Every structure is written in C-alpha cells, then in structure tokens.
Amino acid sequence: MSNDQIENSQFGESVNEFEQWKSSIGKELRGFRLWSKRNQLTSEESDSRIKHMLETLNNEYLTIAFAGEFSRGKTELINAIFFADYGQRILPSQAGRTTMCPTELFFDQHSKSSYLRLLPIETRLQDTPLSDYQSMTNHWVEIPLVTNDPDDMAHAMQSITQTKSVSRKEALELGFDANMLDEDEDNPEKVEIPAWRHALVSFEHPLLKQGLRIVDTPGLNALGSEPELTYHLLPQAQAVVFVLAADAGVTASDLQIWEEHIEQLKNRPNLGLYAVLNKIDVLWDELSGRKKTEKAINRVVRQTSRHLKIPESDILPISAQKALLGRIKDDKALILRSQINDVEDVLANTILGNKESVMWDNIIGQSSRLIEDAQQVLKSRKEQLEKQAEEIKGIRGSTESELNELLEKSRIAQQEFKKRQLALRPSQRLLERQTEVLLDSIGKEPLDEIIQRTLHEMVESRTSIGMMRTTRRFYQAIEAMMNEFCREAELSNKMAESMYAKFSRDFDVDLLEARYLKAKIYRRELQHLLDESSQLNRNLMLTLAEQSVAVKRFFTTTVNNIAMFFKHIRKELRQWSREVMLPLLQQVNSLRDLLDQNHQQLLALKHNEATVEGRLKALKTLIFELDTEIQNASRSLEKLHESAPQKNSSNVVKLASVRR
Ligand SMILES: Nc1nc2c(ncn2[C@@H]2O[C@H](COP(=O)(O)OP(=O)(O)OP(=O)(O)O)[C@@H](O)[C@H]2O)c(=O)[nH]1
Ligand SMILES: [Mg+2]
C-alpha cells in the first residue's frame, strides 16, 4: 500500500477530514486575533486564551488503543492496518508473548523527528507517575529510526520485545503479579520480566503525521501492573479495541482483562469500545463452503456478545494476518475476505466522531464564546455612537448654550462612569474571594490531610476487609469534598449572574449570560474516576498478598489520579473567574474610550475646530465600520459552526451506516 493508498482509505479520509477541520478552526482563531486587534479588543487574557487554544489544536491526536490477552493478534492488526505498505511486519508479532511494553506510535509535532524511546522498567521503583516521564527525555533510552528502511525499522522495533532476568523479589518490588511471572529457562532461580516499561515511537507516517496516535499494549496482566494505563491511556482514546481470537473464544483470562480493565469504559462518553474477533481464518474451511464458515463466525460473535455483554454489532470479525498478507501481495480477494475494511470503516468513523464531539465542546465552545463576547462589546459601542449622533443632531444650527449643556452632560457622564467603574471593584473582589473559597474546597491541603489519614489507616489495617473499609472511607471523604465544591459552585454562579445583571443596569449595556461553572460535569467525571478505581482496587486488595505493594499501588494510582483531577479543576476555576470578568472589563474600557472621545469632539465643536455635519459624518462612518466588523464576527462564528461534525456519537448508528 503506497502513501496515496493510505490517504484514500477510510482512515486516510477521516484523518484528512480531521486535519482540515483543525486547520479551519485555526484559521478562524487567527482571523479573530487580527479582528480583535483592529477593534482594540485585545487583552493579555484573550490573547493568551487564543494562543492556548491554538496550541491545544496542534496537540490534538486521534487515538486508538488496542488491548487484550497476549497472542490475540493486537500487534498483527496494527501492522495490517497501518504498516502494510512497508511490505513486511514492522512491529514484532509472533506466537507467544511478544509485545513486552505498552507502545505508543505517533508523530512528535514538537521535535518533528523520528525516534524510538524506551523507558527502563526500573523507573517503577520511583513514585513519579508514568505520565510525568513523558516530558523527562533524559530518563529514556533513545534509538534513532531510519524510517525509509523497513529492515532497520523492524530491527529497531525488536527492542519492544526485550526481557531481562531478575530475582522473584525484585520482580515483586517492580509491581509484577507473582502468579504471572515466567521462569528464566537458563536460570530457574530467576524470572523474566520486560526490560522496558513503556515505548514511544515517533515517525513520519502519513497518518501519524496528521495526528493519529496508536497505542499497542501487551497481554498478560500488563494493564494490572501499570494501572495508569487503565486510568489514563485507555480512557483518553477515542476508540478502544479489545482483541480476541476466534479459535480461543472468550477464555477465562480474556474475560478477566475485560472485566477488570476494559468493561467500565463502556459508559465513557466519546469513547467507542469494540471487540475485534481476530483470526477468523482459522474458521475458514474450504471443504464446507463459505456459507458454513459464515455461520460458524456468527456463532462465535453471538457467544462473544453474551460473554462480554455488548451488542453483536460492536463485535468485529477479522483476520489480521490474512489482511496483512493480502495487502503485501496486493491480493484483493484475500483483503476482502479478511474483513479488514469493515473494521477500518468503523474505527475511522468512531475516532473522528468522538474526537469531534470533544473538540466541539472544548475548542468550538470556548472560541465561540470569546467571539460572541467581543461582538457584544462592538454592539454596545455601536449603540453608544448612535446615541451620540442623536444628541448632536439636536444642536444643528442652535446656540452655544446648548453645546455647553451637552458638554456639561458629557462631563457628568464621565464622572458617573468613573463612580460606577469604582463600584465594580467590590463585586470583582467578591468574585475573587468566592473563587478562593471554591479553590479551597478542593484544595491541595485538605486533600493531603485525607491522604495522610488514609495512609495511616491502611498501614494499621491487618486484613483485606479492613483495607477495603479504609478505601471506602477515603472515597466518601473525596465525595464530601466534591459536594462542598458543588454547593460553593452554585453560589458562585448566582454571584456571577447578579454581577452581570447589576453591570447591565449600571452601564446600560446588553450582556450575554455569564459563563456557568459546570460543577455537575466535574461531579460526574469524579464519579467515573471513583467507580473505575474502586472496581480496580477491590481486585487489587483481594488478589495482592503483599499489603505494602497494594498500598503503594493504591497511592500511585487512585490518589495520584484524584490529586491530578482536582488540580485540573482548580486550573479551570481560575480560568473561569477570569473569563467571567473579561467581557465586563472589555465593555468598561470600550465605554470609557467612547465617553472620552465624545467629550473631545464636543470641545472641538465648541472651539469651532469641527462642524456638526463633519462630526455626524464621522459618526456615521464609524457606525458603518462597526456594523461591518459585527458581521465579520458573525461570519467567523458561522464558519466555526459550519465545520462542525455531524453530531452522531452512537456506535450502532455508525455501524449500520458503514456496513450496508
Ligand atoms: N491464523 C492467524 N494468526 C494470527 C492472526 N493474527 C495474528 N496471528 C498470529 O498470532 C500470533 C500473535 O500475534 P501478535 O500480533 O503478536 O499478538 P499480540 O496480541 O500482539 O500479543 P502480545 O504482544 O504478546 O500481547 C502471531 O504468530 C500472529 O502471526 C490471524 O488473523 N490469523
Ligand atoms: Mg503484541
């Protein structure tokens, strides 16, 4: 498959569409930046928000993650979908355990270079979360990649399969499950463990370059020994593919991985979860004919649906191996029979649809709001200018005393304005104080206190039941913090609302509604997090004999996650309070400038430096220009919304439309 072919495939189309969408949003944002400058509406706050959105846009990936028991063909499937054009297997795939560490394939948009980076397994002894290592390049071993040489690529990728021999004790300390350790054949005293903890592969593949990210995970409880994968890497994907093999069906260990690490993702919004039933070629039986084979495949699909409790339409039968072979040999019949095209269609549609809905909520929502607020300032500006024009019309040809009256009125208006502007300060301070209260309700210190208490109780508790009771108390304490936060958030929303109403009255301008702090969404997200981790921890506490390992694991995953989540909310809170103030400050600046200009113009009229006609003409031009700029903003908004995806996040609908 050549690059052209890749770009023509379903994946190519979807990734292209995504790329184009991103660049059209970027274009509108950059246009809006110029527009703001032209209309003297730039502020540090709005500028940094646009910059941040442009950066986010640049860092957006479409992610598909593959998970499942070892030897089900996850890596073979990735090879078939993405790397068939190399004419050979690029990622190592073979019988038995192969992929030893989770591997992320993407294109590094910052360094724009190709590399394979490997994180030594020993980093597990440190408390640093895996996600923090991403930016600490000095901890990784780097292997350069010659991306136009398939042999070199395949050779370099072999490192992903490397293992090392350590004592049982060391393996346990590194967080491996005692029941899952392979004995070292040459030295029965020792066990074999993966040499690397994580691999990052950046290279200039056409799809990766456009923002696709693929996550390959190893089987054999790799998810269990690296809980961050279950917590972070998988939920962040737009599609998670659970790979099964048609010849094995759903075995006990498949089911265990599914129940412990994957099943809970079913309820995640904007994440498509599929089971791929691989190796259907083992059911191909030329002697009994295609119809019988089809029946046999359908039977396994039905069984799988029953075991995993997901609809049959979310189970995709495929032969990854035949697909790879068919593509390398350009055997169209074999490609068709492998059913790889169906799988690609579904995945391509899912990742795009889900990513678009997330970006729709974040980037489009935020930038529209920024534009609408700025547009509102221009609308008020226009209203004020129209009022000024009315006033001046009245003095056409009349006496100096009338002009003096207007000047006096304008001076009073300026003074009144100053007073009202000063009166804005206390409400602003009130909002700032309320933001502090909100920040404290989910603050680092109260959380640390709960964490310390939990740690103490865990060390004291002697039994699994005792441990579970402690973790339950921990969850309750976190929920109580969240409840307090929600109460305070409601108060903050009311405060912002009344502040906007007062501002609108005081300054006689229309405002859009204040942006609402969506505490309920945070609560729902936290609930997801708690549900997922409590399920995981129940298993952890029951299966891990070593209490200290269980405690450590609980702390490096659940606790870290909650701390990170609260930190994230605190960041958004600070932004919210700035966002609430931004339109008010913009309005105030704009109105003050108008009052000052009006006063200057009246003085010029008084001193015969200008004429009423001249002033009226100038005002008319200004109003006309404002109208044009208001329309420009509307067009920008329309463009942002036009590029919107077809809001369709139901997997089933997509499946039906794809598989006619
Ligand atoms: N018959 C058949 N064999 C397949 C198919 N897909 C993969 N295999 C074989 O199954 C074996 C395991 O494939 P891998 O891709 O390494 O499996 P994996 O799920 O990545 O396994 P780990 O990396 O160990 O977690 C290899 O020998 C593949 O050639 C298929 O569609 N049909
Ligand atoms: Mg593999």
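**Exercise 1. The small sheet**

Which residue in β7 is the bridge partner of Asp 184? Work that out, then assemble the sheet around β7.

*Solution.* Keep in mind that we're working with a predicted model here.

- Step 1: Asp 184 has Asn 187 as its bridge partner in β7.
- Step 2: Now look at the strands themselves. Strand β6 covers residues 182–184, and its pairing with β7 is antiparallel, over three bridges. Another of the residue pairs is Glu 183 with Val 191, the latter in β7.
- Step 3: Check the connection. Two residues sit between β6 and β7, and the two strands form a hairpin.
- Step 4: Turn to the other neighbour. Strand β5 (residues 163–167) pairs with β7 (residues 187–194) over five bridges, again in the antiparallel sense. Val 166 stands opposite Val 191 in β7.
- Step 5: Put it together. You get an open sheet of three strands in the order β5-β7-β6, with antiparallel pairing. The edge strands are β5 and β6, each pairing on one side only. From one strand to the next, the twist averages 50°.

**Exercise 2. The nine-stranded sheet**

Find the strand order of the open sheet of nine strands, then say how β11 and β12 are joined.

*Solution.*

- Step 1: Reading across, the order is β4-β3-β8-β2-β9-β1-β10-β11-β12, and the pairing is mixed.
- Step 2: At the edges you'll find β4 (141–144) and β12 (315–317), each of which pairs on one side only. The twist here averages 20° from one strand to the next.
- Step 3: Zoom in on one end. Strand β11 (residues 272–278) runs parallel to β12, and three bridges join the two. For a concrete pair, take Ala 275, whose bridge partner in β12 is Ile 315.

**Exercise 3. Two helices side by side**

Decide whether α16 and α18 are roughly parallel or roughly antiparallel, and describe the contact between them.

*Solution.*

- Step 1: Recall the descriptors. Two packed helices are described by the angle between their axes and the distance between the axes.
- Step 2: Get the numbers. The axes of α16 (residues 400–441) and α18 (residues 464–507) come within 9 Å and cross at roughly 170°.
- Step 3: Apply the cut-off. Angles over 145 degrees count as roughly antiparallel, and α16 and α18 are therefore roughly antiparallel to each other.
- Step 4: List who touches whom. On α16 the contact residues include Phe 417, Leu 424, Leu 431 and Leu 438, while α18 contributes, among others, Met 481, Phe 485, Met 495 and Phe 503.
- Step 5: Sort by class. The contact has 14 nonpolar, six polar and four charged residues.

**Exercise 4. Around ligand 1**

Which residues come nearest to ligand 1? Pick out some polar atom pairs as well.

*Solution.*

- Step 1: There are 24 residues around ligand 1, and those that come nearest are Ser 71, Thr 75, Thr 98, Thr 99 and Asp 281.
- Step 2: Start the pairs with Asp 281, where a polar side-chain atom lies 2.6 Å from a nitrogen atom of ligand 1.
- Step 3: Next, look at oxygen atoms of the ligand. A polar side-chain atom of Lys 74 is 2.8 Å from an oxygen atom of ligand 1.
- Step 4: Finally, try the backbone. A polar backbone atom of Ala 95 lies 3.1 Å from an oxygen atom of ligand 1.

Methods: Residues numbered from 1 in each chain as written. Chains lettered and ligands numbered in written order. Predicted model: local features only at pLDDT ≥ 70, side-chain atom pairs only at ≥ 80, totals over all residues. Heavy atoms only, no water. Pairing = 2+ DSSP bridges. Helix = DSSP H or I, 4+ residues; strand = E, 2+ residues; numbered from the N terminus. Axes fitted to C-alpha atoms, helices over the stretch in contact; angles between N-to-C directions. Parallel < 35°, antiparallel > 145°, perpendicular 65-115°, else oblique. Contact = heavy atoms within 4.5 Å. Nonpolar A, V, L, I, M, F, W, Y, C, P; charged D, E, K, R; others polar. Near = heavy atom within 4 Å. Polar contact = N/O pair within 3.5 Å; in protein donor to acceptor, adjacent residues only side chain to side chain.
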